[in-house]
Amino acid sequence: MGPLQSGALESRHSRPPDRRKSLWERIALTALLAVPLGIALVGPFLPVPAGDRTQPFDPAAPWPGTDHLGSSVLDGLLDGGWGIVVTAAAATAIAFLVGLPIGLAAAATRHRWLDEVLMRPFDLLLALPSLLLMLLLASIAPPTAWMLVLIVALVNLPDIARIVRAAALEVARRPAVEAMWLQGESRGRILIGYIARSILPTVAADAGVRLVGAFYLVAAASFLGVGAGPEASDWAVMVDVNRGGIFLSPWGVVLPAALLVALSVGLNLLFDRLLNRKATA
């Protein structure tokens, strides 16, 4: 009875710290995501009284100070997250809507030439760094928000198509698929009803990682002036245009940068947690 009792006591004493650790991790993750997402999605609709412009980087202005134009930094924070979040989400959705059927068609086709025609252009795009490709496309495209969405979607499209093809290729070679072909099942039912459903966990996991990557690209593009001008209300643009007065009014740089970092880290931790939970299930 002695060893059993001591073992029971040890397990009993070891459980509460693990539960407390998990609880604190959930609280930290919720805070990392809730604060920037709440400001980004709700901020533009909050009724904030319009204040008069003062001198740029006014140290005597009420907290959090003024920006390079003399406007309140708070106004920029409330309005600056919507564009980044919506642009990244829209670009990721468009990239998957285009890349998923292309990858499925390339994996399920029985004609090698069709696979080559669908995949080889993406190999050429993959040879270029994503940021360089984005800047190249932005230099020849009109500087609009929707064009930035399409550019980010195009940058992510080759990776998505290749990942979907690799995952679907293994499923397409299963005996069950061969049996469906022999039974005369339609191509649409095989692609969507069996292959697409089988690779859904892989696609969902990649979608989370791809969303974080799209968020990085949109923030980098805004920081470099692609898609959003210096007068735009954008967190990344705020960091760029206000860095010259960081010693006079640091909150115009610190706060938007902190929100960008919190959102990026929070999304990474969320998807890592979901993937680990799925792996242990």
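**Figure 1. Left-handed crossing of helix 4 and helix 6.** Helix 4 passes helix 6 in a left-handed crossing, meaning that the near helix is turned anticlockwise from the far one by less than a right angle, whereas a clockwise turn would make the crossing right-handed. The model is predicted, so local features require pLDDT of at least 70 and side-chain atom pairs pLDDT 80 or more, while totals for chains, interfaces and linings use all residues. Residues are numbered from 1 along each chain as its sequence is written, and side-chain values use heavy atoms, with hydrogens and water left out. Helices (H or I, at least four residues) and strands (E, at least two) are DSSP runs, numbered from the N terminus. Helix 4 and helix 6 (residues 145-172) pack at an angle of about 130°, and their axes lie 9 Å apart; the axes are lines fitted to C-alpha atoms, for helices over the stretch in contact, and angles run from 0 to 180 degrees between N-to-C directions. The two helices are therefore oblique to each other (under 35 degrees counts as roughly parallel, over 145 as roughly antiparallel, 65 to 115 as roughly perpendicular and the rest as oblique).

**Figure 2. Residues that meet between helix 4 and helix 6.** From helix 4, the residues in contact are Asp115, Met119, Arg120, Phe122, Asp123, Leu125 and Leu126. Their counterparts in helix 6 are Leu154, Leu157, Pro158, Asp159, Ala161, Arg162 and Arg165. Contact here means heavy atoms within 4.5 Å.

**Figure 3. Surroundings of Asn156 in helix 6.** Asn156, which lies in helix 6, counts as buried at 6% relative accessibility (buried is under 20% relative accessible area, exposed over 50% and partly exposed in between, with a 1.4 Å probe and protein chains only). Leaving aside residues up to four places away in sequence, Asn156 touches Ala95, Arg210, Ala214 and Leu217. The C-alpha atoms of Asn156 and Ile94 are 9.7 Å apart in space, with the two positions 62 residues apart in sequence numbering.

**Figure 4. Salt bridge of Arg120 and Glu116 in helix 4.** Side chains of opposite charge can pair when their charged atoms come close. Arg120 forms a salt bridge with Glu116, and the closest N and O atoms are 2.8 Å apart; the rule calls for a side-chain nitrogen of Lys or Arg within 4 Å of a carboxyl oxygen of Asp or Glu. The partners are 4 residues apart in helix 4 (residues 112-126), so about one helical turn separates them. Arg120 is partly exposed, with a relative accessible area of 41%, and Glu116 is partly exposed with 23%.

**Figure 5. Further salt bridges and a shared network.** By the distance rule, the count comes to 8 salt bridges. One of them joins the side chains of Arg174 and Glu170, at 3.3 Å from N to O. Arg174 is partly exposed at a relative accessible area of 30%, as is Glu170 at 47%. Another salt bridge brings together Asp240 and Arg243, at 3.2 Å from N to O; Asp240 is partly exposed, with a relative accessible area of 23%. Through shared partners, salt bridges join Arg112, Glu116, Arg120, Asp123 and Arg162 into one network.

**Figure 6. Edge-to-face pair of Trp63 and Trp251.** The structure holds 3 aromatic pairs. In one of them, the ring centres of Trp63 and Trp251 are 5.7 Å apart and the planes stand at 70°, so the pair is edge-to-face. Rings of Phe, Tyr and Trp (its six-membered ring) pair if their centres lie within 6.5 Å, with planes under 30 degrees apart counted as stacked, over 60 as edge-to-face and the rest as tilted. The pair links distant parts of the chain, 188 residues apart: Trp63 is in the loop between helix 1 (2-42) and helix 2 (73-79), and Trp251 is in helix 11 (residues 251-280). Trp63 is exposed, with a relative accessible area of 59%, whereas Trp251 is partly exposed at 36%.

**Figure 7. Tilted pair of Phe215 and Tyr216.** Phe215 and Tyr216 form a tilted aromatic pair, 6.4 Å from centre to centre and with 50° between the planes. Phe215 is buried, with a relative accessible area of 4%, whereas Tyr216 is partly exposed, with 42%.

**Figure 8. The chain behind the close-up views.** The chain has 11 helices and 0 strands. Of its 281 residues, 36% count as buried. Among contacts in the chain with a separation of 6 or more, 72% are between residues 24 or more positions apart.
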